Every structure is written in C-alpha cells, then in structure tokens.
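Colleague: Could you walk me through how the labels on this model were assigned? I'd like each one set against its definition.

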Amino acid sequence: MSSLRRIKDPAVRASVGLLLASGLAWPAPGAFAQSSDLVVNAGVAPSTLDPAWACGLPEISFLQNFYVRLVQHGVKDGPQNTKEVDYSTIEPYLATSWDQSSDGLVYTFHLKDGFKFPSGKPVDAEAVRYSLQRVLDMAGCGRFFLTDGHLDPVIIEKIEAVDPKTVKITLNAPNGNMLGDLATHAGSIVDPSLVEANGGVKAGAPNEWMSSNVAPSGPFLLESYSPNQKARMVANPGFAGTPPASPAINVNWISAAPTLLLQARTGQADITFDLSKQAARSLEGNSGTRVIAYSNPFVQQLMINNKQAPWDNVKVREAAALAIPYDDIVKKLAYGWGTAYYGPIPPSLPGFNAELSKPLGFDIEKAKALIAESGVATPIKAELTIQEGDAAQQQLATIVQSTWAKIGIDLSIRVAPAAEFQDLTQGHKIPAFMRLDGPGVFETGYYWGYDLICGISFNLTDTCLPAADPLIAEMRASSDTAKRQEIMDKVTTMWREQYPKILFYEDKPVVVLSDAVTSFTFSPLPDYRYWAKK
C-alpha cells in the first residue's frame, strides 16, 4: 500500500541531519564483523527481475547481472583508480564475431562454444532467438530498448537460428544503434526451458514468475531474493565467460536514509548507492571510505502528464517550471554534483546545445502572473508521486511543495513502493511523479523515442509536439552530423516553448566505496562483474 501524505519540510531535512549532528560516537570502520561477501547497499529496490519487462534503473541495474548477451560495452579508466563502462565501444560477449550486410539490414552473429544454462541446456542460437523474440512478443519496456524505439513498424523483421552457432537478425530499415540495443538488458539470453515451465510467453503481458525469479545464463546465479529487502547472488560455476571478480555479493535495499548512511560510514557496506548528496558530502574525509562522483546523462526530473489536468494547460506548466529554485537545489541539495539546464537533451549526450538549453530562472512573480493568465482557479489541487526509499526525491518534493504553494498550487505528496510506482508510472495513471531518468542507449534519437514522440506508450509525460515528429524521423535516418545538429537545435527550441516537464539537474551519481574494495567499475546501469573486495 502507498501512503498519501504531506512530507513536512523539517522532518525530511532532519532525517540525515539529526543523525549527523547528534553527537553519537561512530564505530570505527571495521568495528562490525565483516562478511567475506561483497556487500552492496542501495536505497531503491527493483520492481521486476524480467529483462523483457524492466524499465527503470533499479530493475535493470540488478537483473542484467544474471544474463549473457550477444555483445557488451567496453571499459575505460575512471576517477580514483576505478573504471567506467565505455558506451562508445561494443565488444563480443556470447558472440565471438558478427557480420553486417552492405545495406545495413542483416546482422549475422557467430556464437562462442561452451556456454550452458544451469539446467545443462546449451546457450545456443535457438535460445538467443527465443529470448529476443520473447521480448518482441511481450511488448514491454524491453521491446523499446531492443528496437531502438522503432515500433511502427517494429524494426526487427525476423530473428533466425540458422544453425546452433549462428543467429541472423533482419531489420526492415537500417539502424546504426542496433549493436548498442543488443548490449542492453533487453538483449539478455534467458533459459527457454525454465521460462516455458513457468508461464511461458503471453503476447503483451508480463510473466509473473519472472518478476521475482531469473532464468540465468550469465556470470551470477540468484541464490536468494526477498523483494524490496535483500538478495544474495553467487558466481555461476558453469559460466564459460570470464568469471566475476567476487564469488558472492549481498545486496540490501535500504529505504531508511540514516541507516544507508550509517552502514556506508562504518564500513558495513562495501559499495553504497542512492545516498542523498548531503549524506555523501558528510562522508568526504571519513576514514575508511572513498566518495566518487561520475558523469552520466541521467536527469533528476519532475514528469508531468501533459494530457491530465492541471498540466494540460501550458501556462500552468510554465508557471510551475519557473517556481523552482534551481540554483539552490544544485548547490544545497545536489551539493554541486549536478548540472542545471533546460531542454530535451541532457548535457552529457551528443547534440546538447548549451546556448539553447540555458537553465530557467526562479521567478515567483512571473509564475503567479502565468497562473492568473491560465484561467485555472486557485488553489490548484495537484498530486506528486515519489518512489519509496529515494532520499533525493523526498527532499525535492518538499522544496516543490513549498514553492508551489506561493503561486497557488496545493501539492500533495504520495509515496509508493517500487512495484506500485512502476505500475502507476508506466500505466500513465498519475498526473505527476519524480524520476531519475535517462537513455538506455546513449543517443539522442533513442532518448527522444520515448521522451518526446507523440503516441508512444513509453512517453510517460504524453508530450506531443506534432511538428517535431517528422524532424526526429529525418534526424534518425541521417548520418550527416551538421543536419542532425540543425534538427536537434530546432526541436530544442520547440520543446522549451511548451514546458513539458521540470528538469532539476543532470545528476552526477555518487558512489561510496569502502577501502576494502579493490576493483570497481561504474556504469549508470551497474555491471557487478567487475566489483571485488579484499
């Protein structure tokens, strides 16, 4: 059950602040008994473990570690002797090599030997065909990732198992991002025998068994799983690829911000995600931990449904966008780990135009005037849904609630657990919600495919700029860099005129590592294979 309540400003601010200022004697790092398992703590739990159905970062980050894919991204050097996933490179994974036809329509993959599912059945071409076709048939979020958002018609025309070691994928139009799509979680190879024994494939519907179980082919097995609480993953002894750096990983989802902070500070957790920026700053200089910030095109945002009242009125949307203290949020809530901008392209994505995407100013008086011009009677009743366990969303929601009250918007805040949040947002059932969101494939055309194009079910704000759609289609079909930039600039200008959502900042995610961690590779969609401790 979700709770509908007002989050009082002092209470939320104090959730971490009281703990830090209380004068408690912190146990020294290492004072707690250490497990030989790598311990990973995060604030937000996954809502499903099915690669065909998963949409959000918490889901993808966890489930993808149980599967092999045809291809994968490379790795490059990162800050403080860590590594980062390199999204500009594609390397073999299950495929040893691949060929592409001269017209760009046919990809032929040649598979490696020795890969088997825990059931003993081979990870062969038929398993690949079944897995990819399953994603297409189920028509969940995975299909969008796998097709690069080309759904009308679906760009993948046919998937064939030519022989046990050869897979052929035929497209109905060229797609320069096809290999990148296959490297996403949606390209995960599941065990057909296990899926068929537990509900099989139903067109357009989720598989309930797969929502809390895995049919693994990859480096890890799921030994235990308590939804919204914890999981233990262990190295797959039969995995034919490079074994993971850690033999076992304990993952804990901790929605209580003070607990998440305490366990990071004391070394109970080896790797910690989802700390508020305030909490992360408090750990700088802490003995036994490292605080590391990374760049990525994921944006902390307030998504408003442009078809639902009161957000179907452009003047109300503009007023709401101007009644946000962006500079203060970046400085005092993101603690400098964020980049303010306003436009449809995040700063870290190719095509971003800083001149056309300048941040909005904080202008309460203009916002009040726009509300008066909108014709909507005040107070305007509005509801905002946030996900349970997300400290940043809680703090942002409180700020928005306070500033919007000054312009006549009476905001209620609803807190929803992960599974309910997924259902509400993906089903377009709520008028407004917070989300840390970005592209699954790091390319503007892909991002706009679910963030901007009219009539796409994954366009969660129902933003529709009819004049932009043909321009976006032209851009995605072009390899002319100058032409693509010209179109991106036009669409950016059109988007800003409509104020379709509120962008607080492009996030710089912060990870806290204990000094016990010897190997860490960062990705916005984390890959646990490379993580290890002493």
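Colleague: What makes strand 13 and strand 20 a pair?

Modeller: Two strands pair if DSSP finds at least two bridges between them. Strand 13 and strand 20 (residues 510–514) are joined by five bridges, in the antiparallel sense, so they qualify under that rule. Within this pairing, T289 sits opposite S514 of strand 20. By the way, this is a predicted model, where local features need pLDDT of at least 70 and side-chain atom pairs pLDDT 80 or more, while totals for chains, interfaces and linings use all residues. Residues are numbered from 1 along each chain as its sequence is written, and side-chain values use heavy atoms, leaving out hydrogens and water.

Colleague: Why is strand 13 called an edge strand?

Modeller: Seven strands make an open, mixed sheet in the order 9-10-11-2-12-20-13. Strand 9 (220–226) and strand 13 (289–293) each pair on one side only, so they are the edge strands. Strands here are DSSP runs of E with at least two residues, and helices are runs of H or I with at least four, both numbered from the N terminus.

Colleague: What makes 468–477 count as helix 15, and what does helix 15 give the largest pocket?

Modeller: Helix 15 (468–477) is a DSSP run that meets the minimum of at least four residues. Helix 15 supplies five residues, the largest share of that pocket's lining.

Colleague: How do you know which lining residues are nonpolar, polar or charged?

Modeller: Ala, Val, Leu, Ile, Met, Phe, Trp, Tyr, Cys and Pro count as nonpolar, Asp, Glu, Lys and Arg as charged, and the others, Gly among them, as polar. The lining therefore divides into 13 nonpolar, 12 polar and six charged residues.
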